[in-house]
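Trainee: I have a model open and would like to learn how to read its features. Could you walk me through it?
Mentor: Gladly; let us look at it together.

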Number of protein chains: 2
Amino acid sequence: MTTKQSTIVYTLTDEAPALATYSLLPIIRTFTDAAGIDVTLSDISLAGRVLAAFPERLTDEQRVADGLAELGELTQDPHANIIKLPNISASVPQLRACIKELQSQGYDVPDFPENPKTDEDKAIREAYTKVLGSAVNPVLRQGNSDRRAPAAVKAFARKYPHSMGAWNKASRSHADYMNGGDFFSSEQSVTMDKAQTVRIEFIGQDGKPQLKKELALQQGEVLDSMFMSAKALESFFEQTLQECKEAGVMWSLHVKATMMKVSHPIVFGHAVKVFYKEVFDKYGKLFDELGVNPNNGMSSVYDKIKSLPQSTQEEIEEAIHDCYEHRPELAMVDSVKGITNLHVPSDVIVDASMPAMIRNSGQMWGRDGKLKDTKAVMPESTYARIYQEVINFCKTNGAFDPRTMGSVSNVGLMAMKAEEYGSHDKTFELTENGTMRVLNEAGEVLMQHDVEKGDIWRACQTKDAAIRDWVKLAVNRARNSDTPAVFWLDDERAHDNELRKKVEHYLQEHDLNGLSIHLMSYNEAIRFSMERMKRGKDTISVTGNVLRDYLTDLFPIMELGTSAKMLSIVPMLAGGGMYETGAGGSAPKHVQQLMEENHLRWDSLGEFLALAVSLEELGIKEGNDRAKVLAACLDKATEQLLDNGKSPSRRAGELDNRGSHFYLAMYWAQELAAQGDDAELAAHFAPLAKSLADNEDKIVSELNAVQGNSAGVQGYYHADPAALEKVMRPSATLNQTLAQLNG
Amino acid sequence: MTTKQSTIVYTLTDEAPALATYSLLPIIRTFTDAAGIDVTLSDISLAGRVLAAFPERLTDEQRVADGLAELGELTQDPHANIIKLPNISASVPQLRACIKELQSQGYDVPDFPENPKTDEDKAIREAYTKVLGSAVNPVLRQGNSDRRAPAAVKAFARKYPHSMGAWNKASRSHADYMNGGDFFSSEQSVTMDKAQTVRIEFIGQDGKPQLKKELALQQGEVLDSMFMSAKALESFFEQTLQECKEAGVMWSLHVKATMMKVSHPIVFGHAVKVFYKEVFDKYGKLFDELGVNPNNGMSSVYDKIKSLPQSTQEEIEEAIHDCYEHRPELAMVDSVKGITNLHVPSDVIVDASMPAMIRNSGQMWGRDGKLKDTKAVMPESTYARIYQEVINFCKTNGAFDPRTMGSVSNVGLMAMKAEEYGSHDKTFELTENGTMRVLNEAGEVLMQHDVEKGDIWRACQTKDAAIRDWVKLAVNRARNSDTPAVFWLDDERAHDNELRKKVEHYLQEHDLNGLSIHLMSYNEAIRFSMERMKRGKDTISVTGNVLRDYLTDLFPIMELGTSAKMLSIVPMLAGGGMYETGAGGSAPKHVQQLMEENHLRWDSLGEFLALAVSLEELGIKEGNDRAKVLAACLDKATEQLLDNGKSPSRRAGELDNRGSHFYLAMYWAQELAAQGDDAELAAHFAPLAKSLADNEDKIVSELNAVQGNSAGVQGYYHADPAALEKVMRPSATLNQTLAQLNG
């Protein structure tokens with residue numbers, strides 16, 4: 001209908017989202033075509049990235065473009081519009097499996113070298129390292145974060161509220177945290193008056209400065225340093241355990257060992273050692289020999305003692321059980337399997353576990369499979385205080401009501417590896433008593449801490465340009481949504497005091513007329529937001545990176561029952577936008593079900609929502625009104641889909657991912673045909689709306705008929721696209737109807 | 001030394017404070033004389049007021065001046081400086097006893113006519129009515145309220161902290177209140193655009209408006225109306241009882257039946273009827289016949305059933321005991337005597353009982369004499385919410401520490417019978433369903449409520465001039481003490497929204513430069529104040545009349561262990577000042593001890609503190625620098641007295657009220673002799689300082705020697721002044737030393 005002028009890049013990733021793409025993308029293109037928008041596909045799958053790493057070993061036909069590198073470049077383009085689906089953050093076993101599959105398909109990619117010796121092996125290892133782990137997000141997240149509950153999802157949650165456990169005013173549950181000796185108490189912060197390289201040094205017993213790290217900082221960059229005292233931490237754990245024992249409430253530990261991947265496993269390890277003090281006192285030496293690492297939880301003990309004679313194993317197991325006698329009851333991750341809160345450090349992730357506890361009336365599961373009042377222990381007090389504020393609020397006012405509660409969205413300071421996310425390479429567990437200090441170029445001490453053996457010291461960086469953009473984004477969100485925005489800045493935090501100066505400065509760059517912009521301490525901010533939320537009013541939380549992570553679970557889980565349905569937008573510093581399609585990973589179990597039963601339960605809701613914002617913002621930025629109409633109608637279609645229960649079922653034989661795509665197409669076409677903003681567009685989609693509706697039963701039965709038997713997909717990481725298209729588009733009627741419009 | 005030019009009026013009241021005056025006043029005059037200040041005595045005792053009411057029945061010699069009437073006039077004088085000691089708020093039995101005593105002394109005052117028939121009797125009854133109850137404060141409190149912890153008292157509390165129970169984070173205690181159907185939810189408020197008389201009407205089932213009350217209102221006066229639903233109240237009580245039973249926490253009711261003397265006994269009565277529902281269901285008719293009034297508590301049941309046959313009594317007592325079986329445990333006022341929280345409505349007065357609970361780790365006494373976690377039930381939510389905020393704060397942060405905590409003073413809107421205090425004559429318990437409404441002069445409906453039988457409706461008045469003065473006082477206090485001031489104004493209260501407009505308007509009349517003035521909701525305000533208090537920082541609470549009453553107990557009891565040591569100043573609208581000498585009543589038990597053992601344990605600390613402020617403000621207003629020096633030295637003397645433990649003992653043979661007066665005189669003289677601001681004054685007091693110190697042992701032994709035997713005081717309400725002076729000034733050496741200086 002219109003000349004092609006704009007492009008949306010849709011990412012081909014892995015597992016379930018990739019499968020869904022084969023069904024959904026043709027539908028999307030049918031619609032975007034009418035607004036002159038090209039939706040191109042960029043392969044950033046694990047297999048694609050492996051292939052792109054070794055072009056010289058592949059034939060011309062086998063060679064692929066380096067999708068991720070291209071997207072990385074695109075993030076610097078103000079016209080960038082990227083829809084990013086969940087992908088695999090590959091572990092070594094996953095990478096190995098992928099390599100094996102590619103090799104079996106005739107691709108000459110090298111094996112993963114476990115212990116590279118030769119230069120060649122080292123180069124291969126180096127190439128693979130760039131593919132491992134969270135390799136995609138750091139490349140693409142070239143901006144701050146804008147997360148919110150989409151209107152359709154919020155409306156659905158109000159109509160069909162998820163369960164929320166009632167709160168008892170006499171609940172004993174509470175959050176507990178250190179009142180000294182933690183990162184919060186020791187935080188120092190400085191802003192660079194010029195670009196320079198600073199030195200992080202340790203001076204130990206020999207008095208000689210040892211260089212721990214050099215950091216090249218930009219002008220205006222904020223650098224923080226802080227430490228957690230191991231002694232204070234252990235005595236805090238002991239005290240909380242005794243309090244629980246006396247009060248008869250359960251004890252549970254909530255950390256984020258996945259995100260704070262250096263510091264929090266250590267914190268977790270101290271908890272293990274304190275809880276099972278007698279065991280570690282008695283068998284410490286043996287454990288050292290066995291290679292037990294308390295930072296990996298009690299599972300490490302159970303694993304390692306398997307090598308011991310049966311009688312010794314039993315003796316140790318008995319000693320472990322003796323600990324339970326004089327310790328308080330421990331919250332369980334899995335009561336049935338007997339997996340406690342201290343089993344594995346990644347089992348209880350604070351940003352998900354605390355909202356879950358709050359939804360469960362402030363209770364967690366006990367050994368006997370019953371919910372019980374709990375002391376939620378979060379040693380680091382900086383953010384833990386907000387959970388106590390939420391608990392007090394729920395005790396006082398009762399549980400939030402998803403039918404009436406307002407929404408708290410988030411504008412998060414994330415760009416340029418802002419704050420704590422970038423601190424892993426600047427986190428140190430100290431091996432002797434001494435002094436940690438940061439020196440500027442001139443050799444002057446900027447920050448300094450006296451530390452002891454075992455203390456955890458760390459530094460964090462936040463770049464000025466990221467802060468400036470974050471302020472702009474907050475103002476824009478406040479303006480566009482006509483919602484009060486609250487900068488969460490704590491008077492008592494050195495880091496926040498540096499940030500406040502910048503926020504106050506950069507706010508002056510904007511027209512704040514008619515806006516409601518606040519700067520509040522964390523406790524004030526969460527209380528303000530909750531008071532509004534209780535009354536059905538929305539608030540924007542404008543926070544640092546860790547709070548972004550915590551709050552975009554906390555509020556969505558209370559409001560929507562899940563954080564997976566949130567819109568997650570990265571308005572990039574260069575002007576473009578990336579639209580992430582919800583959390584929740586790439587769902588390997590879904591692939592397994594498809595292979596076995598030809599039923600894909602993956603819910604593409606995240607894709608629908610991301611696409612709508614992608615279209616809306618493209619419409620605004622490129623002045624493409626038709627894109628805006630498409631976006632508005634897509635949101636309405638999504639709302640209908642939710643309302644009419646056309647999301648995928650979990651069971652074979654019922655509507656699955658492909659069926660939900662059909663309904664989205666039908667509703668979207670109907671909305672377009674019915675809208676009055678663009679008559680030409682309405683006329684264009686009217687026939688499609690009609691024929692999809694006419695053929696509803698036929699299409700759905702074609703889509704469901706294929707289910708029950710195994711799907712003919714060859715390959716897990718790198719299946720044949722033609723085969724995938726066949727599997728994912730089994731309705732001839734649907735394919736034909738779509739083709740008619742395009743033709 | 002100086003020409004007399006200023007006057008302080010010292011009140012002669014009743015019981016212990018009056019006795020103390022005979023000892024203290026001569027000392028005070030010895031000092032004030034040096035600054036040219038006359039301290040005159042004004043008799044506002046109960047006996048004095050009775051005598052003043054019947055001058056025509058007395059001989060010329062017997063006739064007395066009407067001290068209260070004179071003071072009433074003085075309150076309109078900008079030079080007024082009145083020190084007001086606690087006096088008897090006479091009940092009918094007290095008045096009868098006083099009359100009998102006066103008659104026995106040969107005064108021809110008439111008997112109190114119980115059922116006046118003749119015109120003469122009616123006139124007598126009328127005259128006595130003016131003497132009964134709280135007759136003094138309404139005459140003298142011609143201004144708003146300024147209450148604060150005196151520096152000396154605060155310093156003492158920091159050095160010698162009172163006990164504060166530790167808080168358990170897992171405490172189950174909480175405050176509970178209605179979430180609808182209470183005064184808060186129904187409050188309406190209007191401001192008069194002109195002076196006019198409004199009508200309060202009730203329209204019942206017959207549709208005819210009945211006049212309940214006419215009110216002549218001033219221009220700018222704020223009028224509120226509100227009601228509490230009896231049904232909602234009873235269902236709230238039932239719910240809280242069931243919650244307590246389930247959670248296993250005690251139930252306790254906290255009202256203020258003394259101050260809210262019309263509405264709160266009714267609220268209390270509903271609680272009694274709900275808790276003992278089965279008893280009232282079964283014996284309701286019998287109780288009505290007996291005249292049982294649940295508003296008087298269970299004591300009324302026990303009293304009235306005494307007239308029944310023993311077997312019926314026992315049956316009813318058994319039914320009462322059966323209630324305890326299925327009801328939660330009830331908090332006790334006196335565990336030993338078995339007196340519950342529902343025994344008498346005046347036993348648990350919220351402003352004292354809640355701070356006591358907070359000091360006791362959030363617990364109250366159970367039947368078994370043990371402290372237990374409790375649901376503190378305060379139906380009306382307007383102010384109850386602040387206690388839940390305090391409880392949550394203590395659970396989260398632990399108990400406040402009197403050694404380090406800051407102080408929260410109060411500027412209270414009290415002038416011209418502001419707010420709830422004046423509402424007793426506008427409070428109605430409705431006897432049928434209908435509509436309560438308020439009409440303006442033009443017959444237009446200003447406010448209206450649909451009400452049901454049993455509902456409690458009330459109106460409150462607040463005069464514009466009082467509000468304007470209150471704002472001024474708050475600004476002055478913020479300026480003079482360099483302390484942030486917080487107006488407690490709740491967004492969600494109709495009354496407060498009217499007040500806010502006026503506050504914002506009147507604040508513009510003042511120079512606010514450099515001041516920290518805030519307007520906050522109650523929850524915000526108390527949280528803000530507590531956060532500061534925890535950090536040792538002071539805050540001024542600027543509140544309405546009820547919050548004045550509540551907060552000037554809550555904070556002082558936490559800070560000082562008592563509210564009796566607070567400075568209580570009434571800066572009068574006309575410009576003068578009244579200095580009240582602490583709460584705590586006039587201590588009849590102290591008089592008894594004096595009569596039996598010649599030991600007066602009354603602590604004149606309140607008088608010392610009030611006198612110091614009285615002198616300080618006289619110094620400022622009259623430009624009398626010497627008065628300021630006297631004031632400063634008096635405060636230091638008081639601090640010394642506290643530090644050296646020279647307050648009265650409770651036991652005969654040890655230092656009593658008289659001995660503490662001696663020490664005050666000695667320290668005061670020493671401070672004056674030592675100060676460098678006024679050399680002449682120093683020289684004047686040096687000899688007194690010396691001779692008091694030289695004779696310390698002698699004087700103290702003279703003062704203590706008289707103790708142990710009964711004191712020769714004839715009369716309780718109207719003893720012979722000469723005899724009193726003899727009893728209260730038994731040290732010849734002290735009397736002589738003071739006389740020397742005066743001579």
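Trainee: At what angle do helix α14 and α19 of chain A pack, and how far apart are their axes?

Mentor: Keep in mind as we go that this is a predicted model. To read a helix pair, take the angle and the axis distance together. Here α14(A), residues 350–359, packs against α19(A) at about 25°, and the axes are 8 Å apart. An angle under 35 degrees counts as roughly parallel, so that is the label for α14(A) and α19(A). The crossing of α14(A) past α19(A) is right-handed.

Trainee: Which residues make that contact?

Mentor: From α14(A) come V350(A), D351(A), A352(A), P355(A), I358(A) and R359(A). On the α19(A) side you will find D549(A), Y550(A), D553(A), L554(A), I557(A) and M558(A).

Trainee: Let me try one in chain B. How do the axes of α22 and α23 cross there?

Mentor: In chain B, α22 covers residues 625–643 and α23 covers residues 657–674; their axes come within 8 Å and cross at roughly 130°. Angles that are neither roughly parallel, roughly antiparallel nor roughly perpendicular count as oblique, and α22(B) and α23(B) are therefore oblique to each other. α22(B) also passes α23(B) in a right-handed crossing. Among the residues in contact are L630(B), L634(B) and L641(B) of α22(B), with Y663(B), Y667(B) and W668(B) among those of α23(B).

Trainee: Back to chain A. Where does UniProt place the feature "binding site"?

Mentor: The record, an unreviewed entry, places it at R147(A) and R548(A). With an annotation like this, compare sequence separation with spatial separation. The two positions span 402 residues in sequence, yet their C-alpha atoms are no more than 8.7 Å apart, so they gather at one spot.

Trainee: Which elements hold these two arginines?

Mentor: R147(A) belongs to strand β4, residues 145–148. R548(A) sits in helix α19, residues 545–560, the helix that packs with α14(A).

Trainee: Are R147(A) and R548(A) buried or exposed?

Mentor: For this you need a cut-off: buried means under 20% relative accessible area. R147(A), at 16%, counts as buried, and R548(A), at 1%, counts as buried too.

Trainee: And which residues does R147(A) touch beyond its sequence neighbours?

Mentor: Setting aside neighbours within four places in sequence, R147(A) is in contact with R141(A), S409(A), N410(A), R548(A), T552(A), M566(A), L567(A) and S568(A). Notice that the other annotated position, R548(A), is on that list.

Trainee: What about backbone angles: which value does phi take at S361(A)?

Mentor: A useful habit is to look for positive phi outside glycine. S361(A) has a positive phi of about 60° although it is not a glycine. S361(A) lies in the loop between α14 and β13 of chain A, and at 17% relative accessibility it counts as buried. N598(A) is another non-glycine residue with positive phi, near 55°. Its place is the loop between α20 and α21 of chain A, and N598(A) is buried, with a relative accessible area of 8%.

Trainee: Last one: how is chain B laid on chain A?

Mentor: In general, two copies of a chain are related by a rotation about an axis and a shift along it. Here a turn of 179° and a shift of 0.0 Å along the axis lay chain B on chain A, with an RMSD of 0.2 Å. That is the relation of a two-fold axis. As for the interface, 100% of the interface residues of chain B are also interface residues in chain A, so the copies meet through the same surface.

Definitions and conventions:
Residues are numbered from 1 along each chain as its sequence is written. Chains are lettered from A and ligands numbered from 1 in the order in which they are written. This is a predicted model: local features need pLDDT of at least 70, side-chain atom pairs count only at pLDDT 80 or more; totals for chains, interfaces and linings use all residues. Side-chain values use heavy atoms; hydrogens and water are left out. UniProt positions are given in the numbering used here, feature names are shortened, and annotations may be inferred rather than shown by experiment. Helices (H or I, at least four residues) and strands (E, at least two) are DSSP runs, numbered from the N terminus. Buried means under 20% relative accessible area, exposed over 50%, partly exposed in between (1.4 Å probe, protein chains only). Contact means heavy atoms within 4.5 Å. Copies are superposed by least squares on the C-alpha atoms of residues with pLDDT of at least 70 in both. Axes are lines fitted to C-alpha atoms, for helices over the stretch in contact, and angles run from 0 to 180 degrees between N-to-C directions. Angles under 35 degrees count as roughly parallel, over 145 as roughly antiparallel, 65 to 115 as roughly perpendicular and the rest as oblique. A crossing is left-handed if the near helix is turned anticlockwise from the far one by less than a right angle, and right-handed if clockwise.
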